[in-house]
Amino acid sequence: MTIRVAIRHKTIYKFDRPVSLSPHVFRLRPAVHSRTPIKAYALRIEPKNHFINWQQDPFGNILARVVFPDKCQKLSVEVEVIADMTVINPFDFFVEDYAENYPFKYDTLTLKELQPYLELLENGPLLMQWVKEFDISKRNINDFLVDINRAVFAAISYNIRMEVGIQSCEETLKIRSGSCRDSAWLLVQILRHLGLAARFVSGYLVQLTSDVKSLDGPSGPEHDFTDLHAWTEVYIPGAGWIGLDPTSGLLAGEGHIPLACTPDPASAAPVTGGTDKCEVEFEFSNTVERLHEDPRVTKPYTDEQWYHIDALGQYVDKQLIEGDVRLTMGGEPTFVSVDDMEGDEWNTHADGANKRERAQQLTIRLRDVFAKGAMLHYGQGKWYPGEPLPRWQYGIFWRKDGTPVWRNPALLADINKDYGHSVKQAQKFIHQISQRLGVHSRYIVTAFEDNFYYLWQEGTIPENIDPLKSNLKDSIERKTLTKLLDTGLDQPAGFTLPIKWNWSEQCWKSGPWDFRRGAMFLIPGNSPMGMRLPLASLPWIAPDKRETQEPQSLFEDLPELGDYYGEVTRRYSHIEAKINEHPEIIEQEPGDDVAVEVEVPHTALCVEAREGRLYIFMPPLTLLEHYLELVAAIEATAENLAMPIVMEGYEPPRDYRIERLMVTPDPGVIEVNIHPSKTWQELVEKTTILYEQAHQARLGTEKFMQDGRHTGTGGGNHITMGAETPTDSPLLRRPDLLRSLVTYWQHHPGLSYLFSGMFIGPTSQAPRVDEGRDEKLYELEIAFQQMPEGEVPAPWLVDRLLRHLLTDITGNTHRSEFCIDKLYSPDSSTGRLGILELRAFEMPPHARMSLVQTLLLRSLIAWFWREPYKHDLVRWGTELHDRFMLPHYVREDMKQVTKDLQRAGYGFELEWLEPFFEFRFPRYGNTLIDGVDMELRFAIEPWHVLGEEVSSTGTARYVDSSVERIQVSVTGCLRHCIPLSRRIRHWFSI
């Protein structure tokens, strides 16, 4: 990914009279060892009547010696350099064994050749003192070079100095400031005093404005910039001359283009020569212009391209509205830390301290941007085999009608802050909650940890281990025991209020929880107490008398939500007035009342203090109205007691009147379940905001493999498609839409492989319908024949026909390229959301790349809604992986896809997919020999599963990743042969 620039340097001398010019020497041509590729060079000198002779000085620098036979009144020198600003790794060099560590000594021959660059020209007291104080202890040569370069950078501040010449090292160290040439010369002398050959470099410095602003410091210039600059080069055996720029404290990179490298600064002057005595007016300019920019992950599209992309997005919106499609689209983008890409939590593990911290910051940011008046919920996520605890899940919930779910964000506690809350505050809180819910406080149950269990566990600890001391290497159970023993097993763990909704009286009701042991002892563990309630110990109820917890059907028309804060306030004000009517009277519970059988609720609200914070565990509820009223009571209590709390437990029931945004962990990444968008403009705004807020939370969308290859997060960017309500889902109303999508995807493998991650094939997380059982295509065609055209009043039809066909080779419906788990599942109402999930999308590194993926899908849906795509499926056979693993065939396939869309009236351009080709199939390099251009590109190599092993930490799948596939593309080859060695012949694809 290259930016080609034109550097234009112009210098003009205007004389007050005609003067004779002595022969001039111009050192303005890039040096041969420039690591920045120079594509073109031009030097224009006026007066035009001159003679030029290109030479090399004793140090190998290219210089132009120019003779002017006539007098003139103006001397103009113009230089134009065309360069490719391809990123350079300044540490990409080898070092001889004897020079791997500093200090070292050059061998005899090298020392002789480097004599001019070891000459000590200054030895003042300040310089010698600086050299003496610098740490010269043994260390890796790379570390030494970085340290000494940064030490000079820290010691000398930069200033612009227009005076001719170079300051002495003494003067620079005395005033502790200087221009770039002063710092460069100081570093040259320091290196020579330390026994290293060094030279002075004059050249161009090009600094391009960054696409992404830095989070930690200066982001570079606001505009593209170039100027003459000076730096230092040091000679390291094996590596050669290495550039050090003490003005910035960095090693020289692609922006440093050397012109002259000499032992003394006087030999590196860009222009030398003389004139007759006269008055001179001096003008100069340095400019840089971008001529061409390859698509790159930080700027995949030009402004003009994005204008056309956005225009197509709006046109597709118009088509979807006219067709009454009612489409909404969401996604599940994934992010990784920008600070710790090598940590286990950002590669293999699902959980980690840094991951929780990043997720918390991202959650707060997204709430502030997307959801004013939202409730934060810290609940339990998925629990996979082999993981000791369920994963966490941070949720943001807000009402679509704009009414706040939670009015005061200050009453939602920071999960990383200790507020000093204890059992005392928990008890006070739950007593007031009971009053606001209108239930009697006598039903509050105090919860204790099971002292018998933990005393038994303490007895199993070896005699030489102190049970009150925790070790970082201890198991979760040992740490829990240590904490409980330190606190005391006789202390309450928290408080529980059994509650349920009284449907007959439309209010909350409670009941007694009685236990055989006389008190409630929690099930041992370290999960929230709401997950450890001993519900099995409650009085037994016959199954036919138990109240069913059936969730509300999302296919029903639901009424508007009410004002639940007002209801809670009204109820509590009535109770408060009754209590305060006669404060001198203390009511006593009647002791001779006739016993009445009370129904025992099996759901409860729990309040406990953990790590100085108050946690409220929400019970499972079936109606959103009840949940919101309970939340209103909790906030009113928190406000009255001035106690910030943390909401946990069960999340609000599924309901289309409320929005949800979830931040969850996955192995190696943080996943964000973004709320769906109805229009293209909404998609653009939400996706852009999400990427930016993740960036501000120090989360990125890319990382690098061990060999330096640029990859995505390793997680997915699954795209979901549905509607605002399941009833409106276009996939349920029109089964032929899903048939069209599956068929078209099967016809164009490029759609599966261009946007996917590294791991593809039948055992991947999202296999194609034709990657697995061969007979599946025949069964799929039979299912497609049963699908009617147009809208049908049978939302279950798609699921019944395709549930056992859109699966992976094990029959798992979730692990499929087209996942219909949440379309119309017969298992539960949460699976009947009318949502189709496309899983074969890797996380793209830029928000606009993600939006182009979405636009491609929206264009196909608009097309297929108008003209269903009904054709026989293709039997690709082994051709599927033999051809479409290579970027050439993927490109040809995507070229056909874009042509199909254009014929259908959607102007989707192939060039919009160039960033994906560059990211998915990076170019290793190319060479041009005798008119034959040979290019090497990365190609896809499926990682086939070799076996599966079940261990105590989960299931491990071993894959074969020992080979890589490379595409060799040859242009202009007539009768040439490309020799391949015996070792690599078997894995090259041409």
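In this predicted model, the lining of the second largest cavity comprises 4 nonpolar, 5 polar and 3 charged residues. The elements that contribute two or more residues to this lining are β34 (710-711) and α22 (914-920). The residues concerned are Arg709, His710, Thr711, Gly712, Ser756, Gly757, Met758, Glu842, Phe919, Arg920, Pro922 and Phe938.

**Cavities**

The model holds 4 cavities of 30 Å³ or more. The table sets out the two largest of them.

| Cavity | Volume | Lining by class |
|---|---|---|
| Largest | About 200 Å³ | 7 nonpolar, 10 polar, 1 charged |
| Second largest | About 80 Å³ | 4 nonpolar, 5 polar, 3 charged |

The largest cavity is lined by 18 residues, and those closest to its centre are Gly330, Gly331, Ile674, Thr687 and Ser850. At least two lining residues come from each of β18 (328-332), β31 (669-677), α13 (680-696), β35 (718-722) and α19. Of these elements, α13 provides the largest share, 5 residues.

**Nonpolar cores**

Helix α19 also takes part in the largest nonpolar core, to which its residues 847-866 give the largest share, 12 residues. This core has 77 residues, and Leu738, Leu802, Met894 and Leu913 touch the most other members. When neighbours within four places in sequence are set aside, Met894 is in contact with Gly750, Leu751, Leu754, Phe755, Leu856, Leu910, Leu913 and Phe917.

Another core, of 76 residues, lies apart from the largest one; among its members are Leu376, Tyr378, Tyr627 and Val631.

**Strand β20 and its partners**

Strand β20 spans residues 375-380, and 5 of its 6 residues are buried, so the strand is largely enclosed by the rest of the structure. It pairs with strand β21 (residues 392-399) in the antiparallel sense over 6 bridges; within this pairing, His377 has Gly395 as its bridge partner. Strand β20 is also joined to strand β29 (residues 645-649) by 2 bridges, and these two strands run parallel. Here Gly379 stands opposite Gly649.

**An open sheet of four strands**

A sheet of 4 strands is open, with the order β4-β5-β2-β16 and antiparallel pairing. Its edge strands, β4 (51-56) and β16 (271-272), each pair on one side only. Strands β2 (residues 24-26) and β5 (residues 62-67) are paired over 3 bridges in the antiparallel sense, and His24 has Val66 of β5 as its bridge partner.

Notes. Residues are numbered from 1 along each chain as its sequence is written. This is a predicted model: local features need pLDDT of at least 70, side-chain atom pairs count only at pLDDT 80 or more; totals for chains, interfaces and linings use all residues. Side-chain values use heavy atoms; hydrogens and water are left out. Two strands pair if DSSP finds at least two bridges between them. A nonpolar core is a set of buried Ala, Val, Leu, Ile, Met, Phe, Trp, Tyr and Cys residues joined through side-chain atoms within 4.5 Å. Buried means under 20% relative accessible area, exposed over 50%, partly exposed in between (1.4 Å probe, protein chains only). Contact means heavy atoms within 4.5 Å. On a 1 Å grid over the protein atoms alone, a cavity is a set of points where a 1.4 Å probe fits but cannot get out, and a pocket is an open set with protein on both sides within 12 Å along at least five of seven lines; lining residues have an atom within 4 Å of a point. Grid points are joined across faces, edges and corners, and a volume is the space filled by probe spheres set on the points. Ala, Val, Leu, Ile, Met, Phe, Trp, Tyr, Cys and Pro count as nonpolar, Asp, Glu, Lys and Arg as charged, and the others, Gly among them, as polar.
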